[in-house]
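Please read the sequence and the coordinates below alongside this report, which takes up cysteine pairing, then the overall fold, and then one feature of the surface.

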Amino acid sequence: MEDKSYSFVTGRRNTFHVLDYVFFIGTLVVSLLIGIFFGYRGRTKHSTKEVLLAGGKMHFIPVSMSLLASFMSAITLLGTPAEMYNFTTMYWYIGISYFFVMFMAAHIYLPVFYNLGVTSVYEYLEHRFSKGVRTAGMCIFSLQMMIYMSIVLYGPSLALNAVTGLSLWGAVASVGIVCMIYTALGGMKAVLWTDSFQVIMMITGVLATLIQGSIEVGGFAKAWEIAADNERVWFTDFRVDPSVRHSAWALVIGGSFLWVSVYGTNQAQVQRALTCKSLRDAKIALWLNFPGLCIILYLCCLVGIVLYAFYRHCDPVTYGLIMASDQLYPLFVMDIMGHVPGVPGLFVASIFSGSLSTLSSGLNSLSAVLLQDIVKVYIVPDITDQRAALLTKVFAVMFGIICLSLTYVASLLGGILQAALAIFGMLGAPMLGLFTLGMLFPWANKWGAYSGLGCSLIMMFWIGIGAYVTKPDLGKAPISLAGCPNFTVFSNGTDTYVEYANYSMLYNSTIDMTTSIANLSVDDSNPVDKLYTLSYVWYSFTAVLIVVFVGMIVTMITGKKDPKTIDARLICPVFDVVFPYLPEKILKPLRFGVNHKGKYDIKPTPSEMPLKDKNPSVGNTDQLVNGIDTEMEIMIQKPDEKEKGDVKFV
């Protein structure tokens with residue numbers, strides 16, 4: 001590393017060249033053109049199915065790439081290398097959880113949504129519980145996605161502005177506006193195909209920086225050796241203490257619940273899977289995400305190892321070159337590639353490709369739930385399909401404007417990787433618990449759903465906000481400033497300061513790794529404070545547990561439902577899925593009375609149906625279940641009819 005243009009050598013950051021801006025703008029233009037193309041191509045197809053579900057005939061390849069891009073966003077690309085730099089390689093264990101995530105999403109949750117033929121996953125909640133539960137779920141999802149999208153948009157913009165000189169609000173506005181336009185014009189097809197383009201950009205950008213960074217430090221083997229010598233490489237934390245930030249159990253078990261709340265019950269992801277022409281294709285699209293997620297995750301982890309080896313003698317945050325760890329990766333790129341005009345621009349383009357994919361997915365899904373769960377339910381039930389399709393485009397623009405206005409909130413949330421995953425645990429996981437209660441516990445009623453969801457939200461917000469306020473010690477790995485130029489340490493007798501050039505700052509030296517991580521203890525004097533030390537990775541597991549536990553207790557108090565009276569499409573026969581080869585005499589009692597034999601629909605008679613909705617498939621579930629003794633029409637599917645699902649029961 002003899003190039004004197006490195007930031008920790010000169011004390012100055014490299015900035016963008018004109019060609020870098022050209023490549024960055026070019027990426028936005030390509031995404032915009034894809035949206036315009038599909039908007040023009042589908043100008044005669046004004047239907048909600050076309051706009052929201054791409055006609056329901058998509059191939060599993062673009063769907064799988066869109067699923068991959070939607071939540072493996074710029075947050076992952078910036079946050080994961082910073083995780084490796086600040087902590088240890090324990091985060092690698094979360095890759096194992098992806099296998100269990102895909103299994104649960106593809107075989108437990110998705111078949112229920114697909115076989116019901118819903119557009120919004122919250123339609124399920126009305127069928128299973130009540131209209132109020134459906135509305136509550138839609139509102140929670142909308143809040144979660146708007147906060148998450150603001151983090152996805154603001155975090156990378158701030159990081160890149162601080163390092164490259166790229167205009168902060170210029171980046172926020174340009175990315176947000178372009179995303180609004182192509183999502184509104186092209187609908188779901190534009191989202192799917194731009195996501196496919198963007199995921200290629202993301203992987204290319206990460207791979208390029210990994211290769212060049214390894215060259216700069218003398219090879220990846222050398223980088224790994226340096227990280228190991230400085231206590232970054234650590235895979236043996238198997239403690240069961242839930243306050244341990246990243247233990248193997250937390251990342252595999254807690255990570256599974258965290259990510260299944262995204263892939264299994266999040267509207268943005270499920271809606272993409274529903275665009276496939278068959279349930280089989282939708283399952284394939286989900287399973288293809290397992291290797292895809294692992295590739296992106298481990299490439300980012302490897303970049304983090306190289307990044308640490310590069311800055312091992314001069315921590316850029318403490319030295320004052322950058323303000324936060326989320327800016328480490330952009331600084332690294334400008335250091336190793338800043339001398340080649342255009343290459344940093346490609347990297348920035350790859351980062352914002354992650355932002356674009358997440359934003360477009362979020363805007364499209366928010367439009368879908370607002371139309372299906374609010375407009376069609378409460379405002380204009382008989383709206384024409386053409387007007388509904390036009391309305392979704394208006395909603396995409398409206399939510400885009402709201403997202404842009406919320407970017408300030410994102411600046412208050414700290415590290416973007418942990419903040420984003422904590423949001424999923426606080427808002428997304430209670431929704432996972434609600435769907436789990438409905439699909440796996442046929443006795444649960446709407447009062448159990450309300451109480452379980454409410455208690456889970458209150459508890460998770462209490463823990464999440466408490467952790468943000470108290471800021472428990474995370475035990476970061478040791479850093480060094482020995483190689484920083486013009487660097488001195490002085491003490492005034494009370495505090496120790498770092499000074500270089502004309503800048504000084506209060507210096508807190510990082511304690512030794514053995515103390516900071518392996519032996520980090522929590523003060524037991526205040527049980528409430530200890531609650532705030534719960535690892536954010538456990539948030540989702542905790543939230544689901546609360547929903548199910550409270551929901552079932554309240555259900556038993558208020559009167560449980562009879563499983564025999566429930567539409568079998570609303571319940572997942574989980575034991576048939578997990579243990580398909582068990583004999584029928586064992587599996588039958590494990591279905592708890594729900595009749596999964598044959599594919600059938602229970603339809604209320606016309607007198608039971610709400611006057612405002614004559615569609616039997618969207619009848620009121622309470623009327624359906626409570627009126628089970630009244631006349632009903634049982635529609636048994638004939639054996640020779642084509643089944644939409646691919647699971648058969650003897």
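## Cysteines and disulfides

In this predicted model, a search of the whole structure finds zero disulfides. Cys301 takes part in none, and the nearest cysteine sulfur, which belongs to Cys300, is 7.2 Å away, whereas a disulfide would need the two sulfur atoms to be within 2.5 Å.

Two cysteines can also be described by their exposure to the surroundings. Cys301 is buried, with a relative accessible area of 0%, and Cys572 is likewise counted as buried because its relative accessible area of 7% falls under the 20% limit.

## Overall fold and surface

The chain contains 27 helices and five strands, and of its 650 residues 57% are buried. Among contacts in the chain with a separation of 6 or more, 85% are between residues 24 or more positions apart.

The area that the chain exposes comes to about 26,000 Å², and carbon and sulfur atoms supply 65% of that area.

## A nonpolar surface patch

A nonpolar patch of about 650 Å² lies on the surface, and the residues that make it are Tyr21, Ile25, Val29, Leu33, Ile36, Ile177, Ile181 and Leu185. Helix H2, spanning 18–41, and helix H9, spanning 168–216, each supply at least two residues of this patch.

Which helix gives the most to the nonpolar patch? The answer is H2, with five residues, and Leu33, one of the residues that make the patch, has its place in helix H2.

Conventions. Residues numbered from 1 in each chain as written. Predicted model: local features only at pLDDT ≥ 70, side-chain atom pairs only at ≥ 80, totals over all residues. Heavy atoms only, no water. Patch = residues over 30% accessible without salt bridge, like charges linked within 9 Å, V, L, I, M, F, W, Y side chains within 5 Å. Areas by Shrake-Rupley, 256 points an atom, 1.4 Å probe, with all protein chains shown as cover. Salt bridge = Lys/Arg side-chain N within 4 Å of Asp/Glu carboxyl O. Helix = DSSP H or I, 4+ residues; strand = E, 2+ residues; numbered from the N terminus. Buried < 20%, exposed > 50% of the residue type's maximum accessible area, 1.4 Å probe, protein only. Contact = heavy atoms within 4.5 Å.
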